[in-house]
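Colleague: Got a minute to go through this one with me? I'd like to start with the interface and then move on to the details.

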Amino acid sequence: MSEHVAVALDPDVATGVAEELYGRGWTDGLPALPATEESVQRFLATTQRAEDEVAAHHPQLERHVTVRDVAVSAVMAGCLPEYFPVVLAAWDALSAERAALGGGWQSTSGPGPLIVVNGPIRHQLAINSESGVLGPGFRANATIPRAIGLTVRNGFGIRPRELEQATIGTVGRWQLCIGENEEASPWEPLSEEAGVEPGVSAVAATLVRTFEVVDNRSFTSAQEVLGDFVDTIQRSGALIGRHSPTGILLNPAHAQLFADAGMSKQDVREWIVARAGRTEAELQAVGKGLSHLPGGPFAADHRHPTLADAKPATLPIIVAGSSNAAMSMVFRVLGLWSGRSFPVR
Amino acid sequence: MTAEIIDPTQHFHASTAVTPTDAARPETLAGLRIGLLGNTKRNADSILDAIGARLADRHAQIALIPRTKTQFAMPLPVELVEELIRDCDVVVIGVGDCGSCSASAVADAIALESVGIPTAVICTDAFVQPSSAMAGLKGAPDFPYLLTAHPIANLTADGVEERGEQLAAQVEARLIGSTRTVAAA
């Protein structure tokens, strides 16, 4: 068998193809695969959607991409054909995000799309939801968001230092795809909160600016951990306006701690939203006073809540990762999550 | 065996933009209604107000018409375009000081020119690339936009006045078409 492989595969040809794709400016800096009519057809065969159906559009640039264009990007990104319906559902979800429609791909924030997959398709495609969920090593998690990035680059024509103007950008900008660890969660999954029937595979997405760890593994009570989340969420560095939509990738151990204390996901959300905030004086001290906004000027002790309200769209909570150490992540949303989850079809 | 590699960029290369036209210019700003189209970015309205005040100092019977584009990275809504056509003779647009809003401001200016409204659009000099890229995308690669130093968000009130004074003459020149202040490299 190995002899056969040695004969069938020519590494020089592979290198030549990779160099050709780099040279044409079609890749994100990593090697990409060539899309051919044959490979694109294999991807198109996994969906009922017509190849010329519009999969995503960009109002400001007056550009759109078709299902076929997205298939080309998915091939180049290294997806397996069976990932393609998830890539299309991710575009459905991103197309509901005001930030993605409104110039988010060109933003100085340089946000990355966080793609969250629920339902049985996680197992069918081996989408990681457990240990190392944000890390490397899992083909579906790595290539599905890369397909989105290559569509933005090649389909919309938004490239760094041209129409894209990220000041620093986001670590792993086109690598943020996770499964929710529904099996380890004491609560209903994100998709069900968004109105999708239980057991239906679905995708949600939003644009995120950064992640910050909440390492709290020696807790003795739910309140300690909740307070730690509040401390991170209200951190002034992420604040740029009146409110700062935020999400939590919640470690299963933290989720179970809250559930054991009798709290629902909404109870957790309300606890945090009621407490996360800064006074006008605190914000002014770091050059971020909000007195120029309507309703201002504000008294020094006026309290500005970090989050506008306690809705799933304002503070999405997703259970992910393993329980081997109780570390969660706070992520900063650019714009606002639509609160919607889109069935894989 | 060989197979043709698909060009993933063919879709946008193939799009054919119609070459836009500049609106006819007035000889003077005196007596005109000048729209000040802010985009909600910090200090944008203040700079536009300062420019408007300078223009009003120099010309008789100018009417200043402040308007706001609430979604700075989106195309101008149709209702707002109709309102500008109805209420304004010329429009000053600004300030493009971010990756998406600078490109969007240039697109808005080109769109308003094509419906007959002379515009002066202001971007900051950190965003020449997206501004020019958008101009090219809209079929007007040499479209003249005005540049001001970046950043503007943290200017003091005095700084805003100073900036308005610097920009007023360029805005006027652009609106009456006496010079072509081509900023694009």
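Modeller: What follows covers the interface, some backbone geometry, burial and salt bridges.

Colleague: What sort of model is this, and how is it numbered?

Modeller: This is a predicted model, in which local features need pLDDT of at least 70, side-chain atom pairs count only at pLDDT 80 or more, and totals for chains, interfaces and linings use all residues. Residues are numbered from 1 along each chain as its sequence is written, chains are lettered from A and ligands numbered from 1 in the order in which they are written, and side-chain values use heavy atoms, with hydrogens and water left out.

Colleague: OK, how many residues does each chain give to the contact?

Modeller: Chain A gives 37 residues and chain B gives 28 residues. Contact here means heavy atoms within 4.5 Å.

Colleague: And what area is buried between chain A and chain B?

Modeller: About 2,600 Å², with carbon and sulfur atoms giving 63% of that. Buried area is the accessible area (1.4 Å probe) that two parts lose on being put together, summed over both.

Colleague: How many salt bridges between chain A and chain B?

Modeller: One. The side chains of Glu62(A) and Lys138(B) form this salt bridge, at 2.4 Å from N to O. The rule for a salt bridge is a side-chain nitrogen of Lys or Arg within 4 Å of a carboxyl oxygen of Asp or Glu.

Colleague: How many residue pairs are in polar contact there?

Modeller: Seven residue pairs across the interface of chain A and chain B, both residues at pLDDT 80 or more. A polar contact is a pair of N or O atoms within 3.5 Å; within protein, one must be able to donate a hydrogen and the other to accept it, and residues adjacent in sequence count only if both atoms are side-chain atoms.

Colleague: Which element gives the largest share of chain A's side?

Modeller: H4(A), with four residues. Elements giving two or more residues to that side include helix H2 (11–23), helix H3 (37–44) and helix H4 (67–77) of chain A. Helices (H or I, at least four residues) and strands (E, at least two) are DSSP runs, numbered from the N terminus. By type, the residues on that side of chain A divide into 13 nonpolar, 13 polar and eleven charged. Ala, Val, Leu, Ile, Met, Phe, Trp, Tyr, Cys and Pro count as nonpolar, Asp, Glu, Lys and Arg as charged, and the others, Gly among them, as polar.

Colleague: Changing topic: which peptide bonds are cis?

Modeller: The bond from Gly296(A) to Pro297(A) is cis, with omega near 0 degrees. Pro297(A) sits in the loop between helix H13 (280–285) and strand S8 (303–305) of chain A. In chain B, the bond from His150(B) to Pro151(B) is cis, with omega near -5 degrees.

Colleague: What about phi of Arg161(A)?

Modeller: It is near 65 degrees, a positive value in a residue other than glycine. Arg161(A) counts as exposed at 67% relative accessibility. Buried means under 20% relative accessible area, exposed over 50%, partly exposed in between (1.4 Å probe, protein chains only). Gln61(B) also has a positive phi, near 60 degrees, and is exposed, with a relative accessible area of 71%.

Colleague: How many residues of helix H5 (residues 84–94) of chain A are buried?

Modeller: Eleven of its eleven residues, among them Trp91(A) and Asp92(A). Asp92(A) is linked with Arg49(A), Glu53(A) and Arg345(A) in a network of salt bridges.

Colleague: And why is strand S1 of chain B largely enclosed?

Modeller: Five of the six residues of S1(B) (residues 33–38) are buried, so the strand is largely enclosed by the rest of the structure. S1(B) pairs with strand S2 (residues 63–68) of chain B in the parallel sense over six bridges; strands pair if DSSP finds at least two bridges between them.

Colleague: Back to salt bridges: how many over all chains?

Modeller: The structure holds 28. Glu113(B) forms one with Arg25(B), with the closest N and O atoms 2.6 Å apart. Glu113(B) lies in helix H4 (residues 99–114) of chain B and Arg25(B) in the loop between helix H1 (10–14) and S1 of chain B, so the pair ties together parts that are 88 residues apart in sequence.

Colleague: Which other residue meets Glu113(B) in a salt bridge?

Modeller: Arg174(B), at 3.1 Å from N to O. Glu113(B) and Arg174(B) are both buried, whereas Arg25(B) is partly exposed, with a relative accessible area of 22%.
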